[in-house]
Amino acid sequence: MTLNKKNSINNILEESRIFPPSKEFSKNALIKDFKELIKLKEAAKKDSNKFWDDYAKSEIDWFEPYQTVLDDKNAPFFKWFPEGKLNISYNCIDRHIKNGLSDKTALIWQGEPGDDKTFTYSELLEEVCKTANGLKSIGVKKGDLVCIYMPMIPEAMFAMLACARIGAQHSVVFGGFSSESLKERLIDGNAKFVITADGGYRKDKEIELKNAVDLALEAGANEIVEKVIVVQRIKKEIYMDSSRDLWWHELLQNQDKWCEPEIMNSEDRLFVLYTSGSTGKPKGVVHTTAGYNLWSHLTFKWVFDIKKDDIYWCTADVGWITGHSYIVYGPLSNGATTLMYEGVPRASNLGAFWEVIQKYKVTIFYTAPTAIRSFMKSGREIPDKYDLSSLRLLGTVGEPINPEAWIWYKNVIGKDKCPIVDTWWQTETGGIMVSPLPGAVNAKPGSATFSLPGIEVSIVNKDGEEVNSNEGGYLIVKKPWPGMMRTIHGDPDRFKKSYWEFFPMKDKKYVYFAGDGARIDSDGYLWIMGRVDDVISVSGHRLGTMEIESALVSHESVAEAAVVGRKDSIKGESIVAFVSLEKNFQKSLNLINELKQHVVNEIGIIAKPEKIIISDALPKTRSGKIMRRILRSLASGQKISGDISTLEDSSVLEKLKEDS
């Protein structure tokens, strides 16, 4: 199939193209058809406790069994498998070795400058045990919180699993966050220990991580932090406080290669991961051991249809929940081979991702729509230079994907043979909630399709009442699930208010509000419209920014689009669109008018942008997400406020200010 951007969408709201998996893929899939999927969903609905009990017993190794599946006496502070005892590092490593996988590759690591390493499951166990013993030797105890502020290097994974092995909580902070953001998280989590590196590589530049830690400590976190462990990565001279700072290699040099896994209760905390809201104090999302272990394990197995010889690669950073669940815990719990890459595509190597796929013969590739749109802008001639024939399954994560980006991804990267799993989930959910199962579901470009077995979702209005098909509303989850967050660290009231008390309680039952808007089409397919605050109300009509962005990207000239609302004294809000163009197109007044009319043709006059701003690039975080908060400020003529330390390229702001 060839891509014809100009004519491929008749109406964004009524996407009708269907892409079934191939017969060969379905034949070999874990869940082979839609009937089998429906059977699983009905079993979960009929008796959810039995459903979760069966999977918990068959998929996880327990040191001591549980008696209760779900304890909901103190809802919404739900507990799962409360009497059970286990250790997630044991489930991720030891049990596979006992089952004969000692020599299977657990981790493939590729450094940005070109260095690489691989670790078998037995080698991974040794590294994790040495790290665990090193942590214990400096006083880390069960229940302590250890902050991990690292580049994408193997030691980041070792540190996470070592914390889990000895019962310490980890709080991984993305290496792109500023010293101020790091300080906030250290203080809020009461982190006594920090694991970092002298630096890391990002787009051919060296990032100074230890210096950021020092600044965070000087700004107030030094009253909490007792020890800082530093990995040598860039091997540049840095300041080391002899009373506080330790070199990783020296600490681990003589450590024993065996560490007994701590026996953990199901509801013992595994990690705290902070979400970075545009304003206000970051929320420390708390996940516990057993439920998270089960959900990250099951969703990885179902959604990625994992086979024993797969080479699986998720391009996220371990500083995000995607890295936690689908680089570390989900893949390793399934005994898979997981790939970790330090770098990203950059001006000096636009084909970096395709180079990695070709080198390691990656079979499953999981990345963000933002990355896919940037690949489109660079042109298909770059991926076409590489051998991508090893790929058998593609995935997207992080935000809704435009139908045109989905089609390009399928045609150009998947060579029209790979199913695409478009996944919706959050830090708070612990794992994927809505996704096609690749052997069982006919995909629609841009739709996350259906909720997974055991996950009951609904679209409701502000009164909590279900809306009609194709009518936008609030996405809720009606029943608890094992991977759900347990609370916000240090703020249980905020947890209840933020997630469980948005709607009137029906029959005294809590429902989880995801914060996202969505709709279900006439075929039952779920469409994520984006965050509720990304819904624009124009003359009383609620429009999802995603729908307008999809319309813009469907035009042959547009590589990427971001849409925001601006206050309007007559309409309530007006639509402002920021777009970057494909390389063969030039900015002009005629093109701007053509794009406005294109949106009218695709959606309707109500969605016509008041203003379209064409720029070479859009402001993105280092993880690839467009910073719409900045675009809202620019559109409204307001001063840009808040933390912009995660901005990938600050020069984009100055150019946008000129264009605006």
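In this predicted model, Glu-404 is buried because its relative accessibility is 0%, below the 20% cut-off for burial. Glu-404 forms a salt bridge with Arg-17. The closest N and O atoms of the two residues are 3.6 Å apart. The pair links distant parts of the chain. Glu-404 belongs to helix α14, whereas Arg-17 sits in the segment before α1 (23–28). The two residues are 387 positions apart.

Helix α14 spans residues 403–413. Of its 11 residues, 11 are buried, so the helix is largely enclosed by the rest of the structure. The buried set includes two tryptophans, Trp-406 and Trp-408. Charged residues are also among them, namely Glu-404 and Lys-410. Several elements pack against these buried residues. The helices are α12 (352–360), α13 (369–378) and α16 (545–553). The strands are β18 (364–367), β19 (393–396) and β20. Just after α14, Lys-415 takes a positive phi of about 50°.

Lys-417 follows in the loop between α14 and β20 (420–422). Lys-417 counts as partly exposed because its relative accessibility is 43%, which lies between the 20% and 50% cut-offs. Leaving aside neighbours within four places in sequence, Lys-417 is in contact with Ser-389, Leu-391 and Arg-392. Leu-391 is 26 residues from Lys-417 in sequence. In space, their C-alpha atoms are 8.9 Å apart.

Ser-389 also takes part in a polar contact with Asp-387. Their side chains are joined at 2.6 Å. Asp-387 is found in the loop between α13 and β19. With a relative accessibility of 43%, Asp-387 counts as partly exposed. The C-alpha atoms of Asp-387 and Lys-359 are separated by 8.9 Å. Along the chain, these two residues are 28 residues apart.

The whole structure holds 40 salt bridges. One of them joins Glu-127 and Lys-130, with the closest N and O atoms 3.9 Å apart. Both residues lie in helix α5 (residues 121–137). They are 3 residues apart, about one turn of the helix. An α-helix has 3.6 residues a turn, so residues three or four places apart point the same way. Lys-130 is buried, with a relative accessible area of 18%.

A further salt bridge brings together the side chains of Lys-478 and Glu-466, at 3.8 Å from N to O. This pair links distant parts of the chain, 12 residues apart. Lys-478 is in the loop between β22 (473–477) and β23 (487–488). Glu-466 is in the loop between β21 (457–460) and β22. Lys-478 is partly exposed, at 36% relative accessible area. Glu-466 counts as exposed, at 56% relative accessibility. Elsewhere, salt bridges that share partners join Lys-210, Asp-214, Arg-244 and Asp-245 into one network.

Lys-596 presents another case. This residue is found in helix α17 (residues 589–602). Lys-596 is buried yet has no salt bridge. The nearest side chain of opposite charge belongs to Glu-610, 7.1 Å away. That distance is beyond reach of a salt bridge, because the cut-off is 4 Å between nitrogen and oxygen. The backbone of Glu-610 offers a different partner. Its oxygen lies 3.2 Å from a polar atom of the Lys-596 side chain. Not counting residues up to four places away in sequence, Lys-596 touches Lys-608, Pro-609, Glu-610, Lys-611 and Ile-612.

Glu-112 lies in the loop between β4 (105–110) and β5 (116–120). Its relative accessibility is 8%, so Glu-112 counts as buried. Beyond its neighbours within four places in sequence, Glu-112 is in contact with residues including Tyr-201, Arg-202, Lys-203, Asp-204 and Lys-205. Other contacts include Arg-233, Tyr-341, Glu-342 and Arg-346.

Tyr-201 and Arg-202 also line the largest cavity. A search of the whole structure finds 6 cavities of 30 Å³ or more. The largest has a volume of about 140 Å³. Its lining consists of 14 residues. Those nearest its centre are Pro-151, Tyr-201, Arg-202, Ile-207 and Asp-317. Strand β9 (residues 200–202) supplies the largest share of this lining, with 3 residues.

Key:
Residues are numbered from 1 along each chain as its sequence is written. This is a predicted model: local features need pLDDT of at least 70, side-chain atom pairs count only at pLDDT 80 or more; totals for chains, interfaces and linings use all residues. Side-chain values use heavy atoms; hydrogens and water are left out. Helices (H or I, at least four residues) and strands (E, at least two) are DSSP runs, numbered from the N terminus. Buried means under 20% relative accessible area, exposed over 50%, partly exposed in between (1.4 Å probe, protein chains only). Lys and Arg count as positive and Asp and Glu as negative; His and the chain ends are not counted. A polar contact is a pair of N or O atoms within 3.5 Å; within protein, one must be able to donate a hydrogen and the other to accept it, and residues adjacent in sequence count only if both atoms are side-chain atoms. Contact means heavy atoms within 4.5 Å. On a 1 Å grid over the protein atoms alone, a cavity is a set of points where a 1.4 Å probe fits but cannot get out, and a pocket is an open set with protein on both sides within 12 Å along at least five of seven lines; lining residues have an atom within 4 Å of a point. Grid points are joined across faces, edges and corners, and a volume is the space filled by probe spheres set on the points.
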